[in-house]
Amino acid sequence: MSADYDQLLDATITYFEQLKAQGTRYVPVLPETLAGLSRAAASLPQIRSQPGTPAPVTATSAKASAVLMDGVAVVPKLPPVFSPTLTLTSAAPLTPGTPLSLDAKTQAIAELRERAMVCVKCPNLVASRKNVVFGVGDISSQIMFVGEAPGAEEDEQGEPFIGAAGQLLTKIIQTMGLSRQTVYIANILKCRPDTPGQTFGNRKPTPDEMKTCVPYLHAQVDLIQPKVLVALGSTAIEGLLSKPAYITKIRGQWHTYRGIPLMPTFHPSYLLRTEALQDKRRVWEDMLQVMEKVGLPVSDKQRGYFLKG
Ligand code: SF4
């Protein structure tokens with residue numbers, strides 16, 4: 001049993017090392033497979049604790065990340081909230097800026113999406129949601145827009161920013177010379193906040209809901225690796241920076257999130273409610289800064305929007 005197990009383990013490690021050498025950083029693992037690995041790993045300290053052998057495999061939880069470290073598969077401690085990805089790397093967390101091949105990125109995003117689509121961490125939201133709204137757009141985009149949470153239409157269709165505010169965001173993106181397909185759009189919260197007793201309207205996500213869900217966004221940002229993040233509204237910036245934020249005070253000023261320049265600006269729904277032309281201009285000035293940061297050309301016409309009227 002011990003020799004067979006060692007042989008199997010060595011073959012598995014060799015296979016993972018080959019994948020890693022080819023640039024693979026993530027592998028999808030079924031929960032039952034991970035549970036089986038954890039059960040098997042529990043007996044390994046007796047098997048592999050002889051002097052001169054590699055470090056033993058340790059197990060904590062079926063939800064923990066599987067990490068290939070120094071040629072030995074280990075199951076590390078569960079992160080503070082949870083790990084939305086399985087990581088295959090000698091450095092456990094994927095640090096922003098680590099180059100990823102498109103294949104590896106596509107694979108990891110697909111696996112992350114699969115996890116989000118069946119996530120049941122917020123029972124009240126699971127009971128009321130129609131769809132999990134993961135994110136949409138180009139996973140190689142230089143620009144990633146982050147909102148707060150899906151509304152009724154987004155929940156219905158499973159895509160972020162498709163209601164009236166979403167249509168305005170789409171216009172802003174197009175005015176920048178881009179399209180929804182060439183940027184990436186996601187929310188802090190992937191499920192629509194429930195509104196018990198109400199048949200319409202939305203509510204702001206609670207701090208606990210945002211804290212529970214934001215690891216998915218962390219992982220999306222780490223995988224997509226945009227050059228710039230745009231936070232839309234106070235709730236988005238609060239969710240990203242984990243502290244209260246007043247959008248009127250901080251919009252237009254660069255911040256940093258996971259090593260990436262972050263531009264806070266007004267939420268499009270605010271622009272729909274306000275008549276103030278200067279606030280539309282302020283959002284546009286923020287977008288001009290974003291365009292300059294990523295090296296997009298800015299025409300005189302674009303520079304002049306909302307200066308008259
Ligand atoms: S809001 Fe996020 S953490 Fe909560 S159930 Fe939905 S996907 Fe899971």
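Let's start inside the protein, at I143: leaving aside residues up to four places away in sequence, I143 touches M176, L178, V183, Y184, P226, V228, V230, V290, V294 and L296. Bear in mind that this is a predicted model.

I143 also has a part in a wider cluster. The largest nonpolar core holds 64 residues, and I143, M144, F145, M176 and L217 are the ones that touch the most other members. Helix 8 gives this core its largest share, nine residues. As background, nonpolar side chains tend to be buried together in soluble globular proteins.

Stepping back to the whole chain, the protein has 309 residues, of which 46% count as buried. Its secondary structure consists of 13 helices and eight strands. Among contacts between residues at least 6 apart in sequence, 68% join residues at least 24 apart.

Now for the ligand, which sits in the largest cavity. Around the ligand are C119, K121, C122, L125, V126, R129, L189, K190, C191, T212 and C213. By residue class, this shell divides as follows.

| Class of shell residue | Number of residues |
|---|---|
| Nonpolar | seven residues |
| Polar | one residue |
| Charged | three residues |

Which helices each supply at least two residues of the shell around the ligand? They are helix 5, spanning 123-128, and helix 8, spanning 207-224. Helix 8 is thus a handy place to look in both parts of this picture: it contributes nine residues to the largest nonpolar core, and at least two to the shell around the ligand.

Technical notes:
Residues numbered from 1 in each chain as written. Predicted model: local features only at pLDDT ≥ 70, side-chain atom pairs only at ≥ 80, totals over all residues. Heavy atoms only, no water. Near = heavy atom within 4 Å. 1 Å grid on protein atoms, 1.4 Å probe; cavity = no way out; pocket = protein on both sides within 12 Å on 5 of 7 lines; lining within 4 Å. Sits in = over half its atoms within 2 Å of the grid points. Helix = DSSP H or I, 4+ residues; strand = E, 2+ residues; numbered from the N terminus. Nonpolar A, V, L, I, M, F, W, Y, C, P; charged D, E, K, R; others polar. Core = buried A, V, L, I, M, F, W, Y, C linked by side-chain atoms within 4.5 Å. Buried < 20%, exposed > 50% of the residue type's maximum accessible area, 1.4 Å probe, protein only. Contact = heavy atoms within 4.5 Å.
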